[in-house]
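Work through the exercises below with the sequence and the structure side by side, and try each task before you read its solution.

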Amino acid sequence: MATDIPQLDVEVPEISQVAFVVEDVEDGMDRFGAVLGVGPWQLYRFEPPALHDTTYRGEERDYSMILALATVGDTMIELIEPLTGPSIYTEHLEEHGEGLHHVACFAFEDAPSVVEEFEEAGMPVLQSGVYEETPYWYFDTAERLNGVIFETADNVDALPEPDGTYP
């Protein structure tokens with residue numbers, strides 16, 4: 001089986017984020033807060049016009065979601081509630097229900113070259129977009145990483161102030 005796994009010339013400097021898809025972001029924040037003490041949360045609405053140039057499975061598609069972000073140590077915890085349009089988040093909820101969706105690294109010096117490496121290795125971009133000035137890409141790694149998708153983004157420091165906080 002290991003012979004089917006391509007060797008990428010990518011070294012992940014850190015896991016910046018662990019993300020979960022949830023049906024209801026407020027309920028998710030309450031559960032993660034109660035069980036693991038995670039919080040406070042920063043809330044972002046990823047929707048047009050701030051969210052643009054979106055793709056889903058190789059086609060231009062509109063979708064939107066609410067994100068809740070909190071930090072545990074040096075790792076960002078993300079909860080994603082899909083709002084509109086088909087996406088890898090709605091797919092996950094339909095096929096698996098709530099749960100672990102992806103891990104991400106935002107510490108690459110050249111994220112576009114990482115995108116190239118994954119695509120050349122046969123793990124294409126499943127979904128992408130740009131939020132304000134921050135492009136992001138999710139790769140088709142689930143089969144090779146036990147159901148987990150890998151994400152990267154560029155210019156993460158340019159994220160605007162959150163739309164709200166919780167609690």
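The exercises concern a predicted model, and they go from the sheet to the helices and then to a single residue.

**Exercise 1.** Find which strands lie at the edges of the sheet.

*Solution.* Begin with the order of the 11 strands in this open sheet of mixed pairing, which reads β4-β3-β8-β9-β10-β7-β1-β6-β5-β2-β11. Then look at the two ends of that order, where β4 (59-60) and β11 (164-166) each pair on one side only and are therefore the edge strands.

**Exercise 2.** Determine in which sense β8 and β9 pair, and find the bridge partner of Q127 in β9.

*Solution.* Recall that strands of a sheet pair through backbone hydrogen bonds, either parallel or antiparallel. Strand β8, residues 125-131, and strand β9, residues 134-139, pair in the antiparallel sense over six bridges. Within this pairing, the partner of Q127 is Y138.

**Exercise 3.** State at what angle helix α3 runs to β9, and at what angle helix α2 runs to β7.

*Solution.* Helix α3, residues 111-120, lies across β8, β9 and β10, and runs at about 20° to β9. Helix α2, residues 88-96, lies across several strands, including β1, β3 and β5, and runs at about 145° to β7.

**Exercise 4.** Decide whether H92 is buried or exposed, and describe its surroundings.

*Solution.* First place H92 in helix α2. Its relative accessible area is 10%, and because buried means under 20%, H92 is buried. Next, leaving aside neighbours within four places in sequence, list the contacts of H92, which are V21, G97, E98, G99, L100 and H101. Finally, note that the side chain of H92 reaches the backbone oxygen of L100 at 3.5 Å.

Conventions
Residues are numbered from 1 along each chain as its sequence is written. This is a predicted model: local features need pLDDT of at least 70, side-chain atom pairs count only at pLDDT 80 or more; totals for chains, interfaces and linings use all residues. Side-chain values use heavy atoms; hydrogens and water are left out. Helices (H or I, at least four residues) and strands (E, at least two) are DSSP runs, numbered from the N terminus. Contact means heavy atoms within 4.5 Å. Axes are lines fitted to C-alpha atoms, for helices over the stretch in contact, and angles run from 0 to 180 degrees between N-to-C directions. Buried means under 20% relative accessible area, exposed over 50%, partly exposed in between (1.4 Å probe, protein chains only). A polar contact is a pair of N or O atoms within 3.5 Å; within protein, one must be able to donate a hydrogen and the other to accept it, and residues adjacent in sequence count only if both atoms are side-chain atoms.
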